[in-house]
Amino acid sequence: MQKNRKWMEERLPPSAAMTEQYYANPAQACWDEVKPYPVCISSWALHIRGGPGTEYPVVRIARGEEVFTVTAHAFGIGASKWGRIEGGEGWISLDFVRHVE
């Protein structure tokens, strides 16, 4: 467990408040590329963050029916799953979006 903790600490911001579950599987800090797919915000506003978790700073706030293309998935604090936005703008919680056909 100590080896995994050191591995995570080297790759995450020092301010990240990590849980034991998060440390238990260091692969969760990595992301998986996915076939790009479009999503639309399902709430009135959505934080776009600098990384996959609420410990990362908010880059901007998206509002309304803005559509994004998700290119990767990751696990992180504050959401069941995070999605990386195409073009490198940031990460969004997939809990607050819906798939667009």
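This is a short talk through one predicted model of a protein chain, from its overall layout to its cores, its largest pocket and a few individual residues.

Let me begin with the layout. The secondary structure of this chain comes to two helices and seven strands, and if you read the elements from the N terminus, they run α-α-β-β-β-β-β-β-β. The chain has 101 residues, of which 40% are buried. As for how the chain meets itself, among the contacts with a separation of 6 or more, 49% are between residues 24 or more positions apart.

Now to the interior. The largest nonpolar core has twelve residues, and these are Tyr 37, Val 39, Ile 41, Leu 46, Ile 48, Ala 62, Phe 68, Val 70, Ile 85, Ile 92, Leu 94 and Val 97. Two or more of these residues come from each of strand 1, which spans residues 31-41, strand 2, and strand 4, which spans residues 67-76. The largest contribution to this core is that of strand 1, with three residues. There is also a second, separate core of five residues, and Ala 74, Ala 79, Trp 82 and Trp 91 are among them.

Staying with the larger core for a moment, I would like to look at one of its members, Val 70. Leaving out residues up to four places away in sequence, Val 70 touches Val 34, Lys 35, Pro 36, Tyr 37 and Val 39, and further along the chain it touches Gly 83, Arg 84, Ile 92 and Leu 94.

One of those partners, Arg 84, deserves its own comment. Arg 84 is found in strand 5, residues 79-85, and it counts as buried because its relative accessibility is 18%, where the cut-off is under 20%. What does Arg 84 touch, if we set aside residues up to four places away in sequence? The contacts of Arg 84 are with Trp 31 and Glu 33, with the run Thr 69, Val 70, Thr 71 and Ala 72, and with Gly 90 and Trp 91.

Also in strand 5 is Trp 82, which we met as a member of the second core. With a relative accessibility of 3%, Trp 82 counts as buried. The side chain of Trp 82 reaches the backbone oxygen of Gly 76 at 3.4 Å. Its C-alpha atom is separated by 8.1 Å from that of Asp 95, a residue 13 positions apart from Trp 82 along the chain.

Asp 95 comes up again when we turn to Ser 80, which likewise lies in strand 5. Is Ser 80 buried or partly exposed? At 49% relative accessibility, Ser 80 counts as partly exposed. Apart from neighbours within four places in sequence, Ser 80 is in contact with Phe 75 and Asp 95, and the side chains of Ser 80 and Asp 95 are joined by a polar contact of 2.4 Å. Between Ser 80 and Gly 53, which are 27 residues apart in sequence, the C-alpha to C-alpha distance is 10.0 Å.

A further serine, Ser 93, is placed in strand 6, residues 91-93. Ser 93 is buried, its relative accessible area being 5%. A polar atom of the Ser 93 side chain lies 3.2 Å from the backbone nitrogen of Asp 95. Beyond residues up to four places away, Ser 93 touches Leu 46, Ala 79, Lys 81 and Trp 82.

That brings me to the largest pocket, which holds about 180 Å³ of space. Thirteen residues would be a long list to read aloud, but of the 13 that line this pocket, those closest to its centre are Ala 45, Leu 46, His 47, Ser 93 and Phe 96. The elements that give two or more residues to the lining are strand 2, residues 45-49, and strand 3, residues 58-63, with strand 2 supplying the largest share, four residues. By character, the lining divides into six nonpolar, five polar and two charged residues.

Finally, from strand 3 I would pick out Arg 63. In contrast to a buried residue, Arg 63 counts as partly exposed, at 48% relative accessibility. Arg 63 touches Ile 41, Trp 44 and Ala 45, again without residues up to four places away in sequence. From Arg 63 to Trp 44 the C-alpha atoms are 5.9 Å apart in space, although the two are 19 residues apart in sequence.

Conventions
Residues are numbered from 1 along each chain as its sequence is written. This is a predicted model: local features need pLDDT of at least 70, side-chain atom pairs count only at pLDDT 80 or more; totals for chains, interfaces and linings use all residues. Side-chain values use heavy atoms; hydrogens and water are left out. Buried means under 20% relative accessible area, exposed over 50%, partly exposed in between (1.4 Å probe, protein chains only). Contact means heavy atoms within 4.5 Å. On a 1 Å grid over the protein atoms alone, a cavity is a set of points where a 1.4 Å probe fits but cannot get out, and a pocket is an open set with protein on both sides within 12 Å along at least five of seven lines; lining residues have an atom within 4 Å of a point. Grid points are joined across faces, edges and corners, and a volume is the space filled by probe spheres set on the points. Ala, Val, Leu, Ile, Met, Phe, Trp, Tyr, Cys and Pro count as nonpolar, Asp, Glu, Lys and Arg as charged, and the others, Gly among them, as polar. A polar contact is a pair of N or O atoms within 3.5 Å; within protein, one must be able to donate a hydrogen and the other to accept it, and residues adjacent in sequence count only if both atoms are side-chain atoms. A nonpolar core is a set of buried Ala, Val, Leu, Ile, Met, Phe, Trp, Tyr and Cys residues joined through side-chain atoms within 4.5 Å.
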